[in-house]
Amino acid sequence: MVIQKIRNTTKNQKTLLGIMVAVLIFGLLASYFIWQSPDFGTNQGQMTPEQIDKQLEAYDDSIAKAKEELAAKPDDYSLLVNLASLYQAQGELLTEAERYNDVLTSYANVIEYYTRALANKPAELNASAEADIYAKIANANWVIGYNEGADEAFAKALALDPTNWSINYLHVMYLFSANGVDAALSAAKDYQALVKDDAELSKNADALVNQIQQVKDSRDQENQNQDNQDSEQENQ
């Protein structure tokens, strides 16, 4: 099912992967504001192609070894989580290398192995840890352009841990990308209320709400201008 969705991913979705992955890191609230930087998208601080290839070879080796261990214990929760995390790290590096078809395959594996891990979760796994995994599944679905899967996983993550600020923030960014400014603005205001007692997070949340509000206002003004033009043409 996931692979079929990947094969149907549009060219535009693939070109957005580089931007998406910049947003999909938990705890990096400032990532939204990186978009506004004139240096965003430059190669400053990135690895050379040779370094990337070497690191990707290391991930291939680690994944192969992890699969060997998993073959002996196919329902082992820790091994499944480890393999999913390796694929996620691999996917991020492949994005930097702009190997987008391979990125999609990596994140499909992220979904597969985290989903299998949850199916074999230990009894002592708490709600917060489970929510974190669902958020990573949502994250991966977002990257491959499978919004239905992302919606479902985000709903489960937020139901398990509704006050987790990083999941709420990630959800705002997903909505902004997938559902437009109206849904994102509503979620951003909820997030703003959630972090109001943390000075630094509150400051960034205020700025985030303002940014999305500006986008909404600009869109609404453009729609109004278009409606006025249509009306004028009809009256001529």
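A salt bridge here is a side-chain nitrogen of Lys or Arg within 4 Å of a carboxyl oxygen of Asp or Glu. Keep that in mind, as several pairs of this kind come up below. One more thing to know before looking around: this is a predicted model.

## The overall picture

Let's start with the chain as a whole. It has 12 helices and zero strands. Read from the N terminus, the elements go α-α-α-α-α-α-α-α-α-α-α-α. The chain has 236 residues, and 38% of them are buried. Its accessible surface adds up to about 13000 Å², with 46% of that belonging to carbon and sulfur atoms.

How do the contacts spread along the sequence? Take the contacts with a separation of 6 or more: 66% of them are between residues 24 or more positions apart.

## Salt bridges

A search of the whole structure turns up 10 salt bridges. As general background, side chains of opposite charge can pair when their charged atoms come close. Here are some of the pairs, with the N to O distance for each.

| Pair | N to O distance |
|---|---|
| Lysine 156 and glutamate 152 | 3.3 Å |
| Aspartate 182 and arginine 219 | 3.2 Å |
| Lysine 196 and aspartate 197 | 3.5 Å |

Let's take the lysine 156 pair to begin with. Lysine 156 and glutamate 152 both sit in helix 9 (residues 147-160), and because they are four residues apart there, about one helical turn separates them. Lysine 156 is partly exposed, at 35% relative accessibility. Glutamate 152 is partly exposed too, and its relative accessible area is 46%.

What about the aspartate 182 pair? The side chains of aspartate 182 and arginine 219 meet at 3.2 Å, N to O. Aspartate 182 belongs to helix 11 (residues 181-194) and arginine 219 to helix 12 (residues 199-235), so this salt bridge ties together parts that are 37 residues apart in sequence. Aspartate 182 has a relative accessible area of 42%, which makes it partly exposed. Arginine 219, with 30%, is partly exposed as well. This pair also has company: Asp182, Lys216, Arg219 and Asp220 are linked in a network of salt bridges.

As for lysine 196 and aspartate 197, are they buried or exposed? Lysine 196 is exposed, and aspartate 197 is as well.

## A patch of negative charge

Now for some charges on the outside. Which residues gather in a patch of negative charge on the surface? They are Glu50, Asp53, Glu57, Asp60 and Asp61. One of them, glutamate 57, is part of helix 5 (residues 49-72). Glutamate 57 is exposed, with 52% relative accessible area; the cut-off for that label is over 50%.

## Helix 8 and its buried residues

For a look at the inside, turn to helix 8, which covers residues 127-144 and includes asparagine 141. Asparagine 141 has a relative accessible area of just 3%, so it counts as buried, the limit for that being under 20%. Setting aside neighbours within four places in sequence, asparagine 141 is in contact with Ile111, Tyr146, Gly149 and Ala150.

Alanine 138 is in helix 8 as well. Its relative accessible area is 0%, so alanine 138 is buried. If you skip residues up to four places away in sequence, alanine 138 touches Ala150, Ala153 and Phe154.

Alanine 138 also leads back to a residue from the salt bridges. How far apart are the C-alpha atoms of alanine 138 and glutamate 152? They are separated by 7.6 Å, and the two residues are 14 residues apart along the chain.

## Around helices 6 and 7

Two more places to visit. Glutamate 98 is in the loop between helix 6 (77-96) and helix 7 (100-119). Although glutamate 98 is not a glycine, it has a positive phi of about 60 degrees. Glutamate 98 is exposed, at 56% relative accessibility.

Further along, helix 7 holds threonine 115. Threonine 115 counts as partly exposed, at 41% relative accessibility. The C-alpha atoms of threonine 115 and alanine 84 lie 9.2 Å from each other, with their positions 31 residues apart along the chain.

How values were computed. Residues numbered from 1 in each chain as written. Predicted model: local features only at pLDDT ≥ 70, side-chain atom pairs only at ≥ 80, totals over all residues. Heavy atoms only, no water. Patch = residues over 30% accessible without salt bridge, like charges linked within 9 Å, V, L, I, M, F, W, Y side chains within 5 Å. Areas by Shrake-Rupley, 256 points an atom, 1.4 Å probe, with all protein chains shown as cover. Lys, Arg positive; Asp, Glu negative; His and termini not counted. Charge placed at Lys NZ, Arg CZ, Asp CG, Glu CD. Helix = DSSP H or I, 4+ residues; strand = E, 2+ residues; numbered from the N terminus. Buried < 20%, exposed > 50% of the residue type's maximum accessible area, 1.4 Å probe, protein only. Contact = heavy atoms within 4.5 Å.
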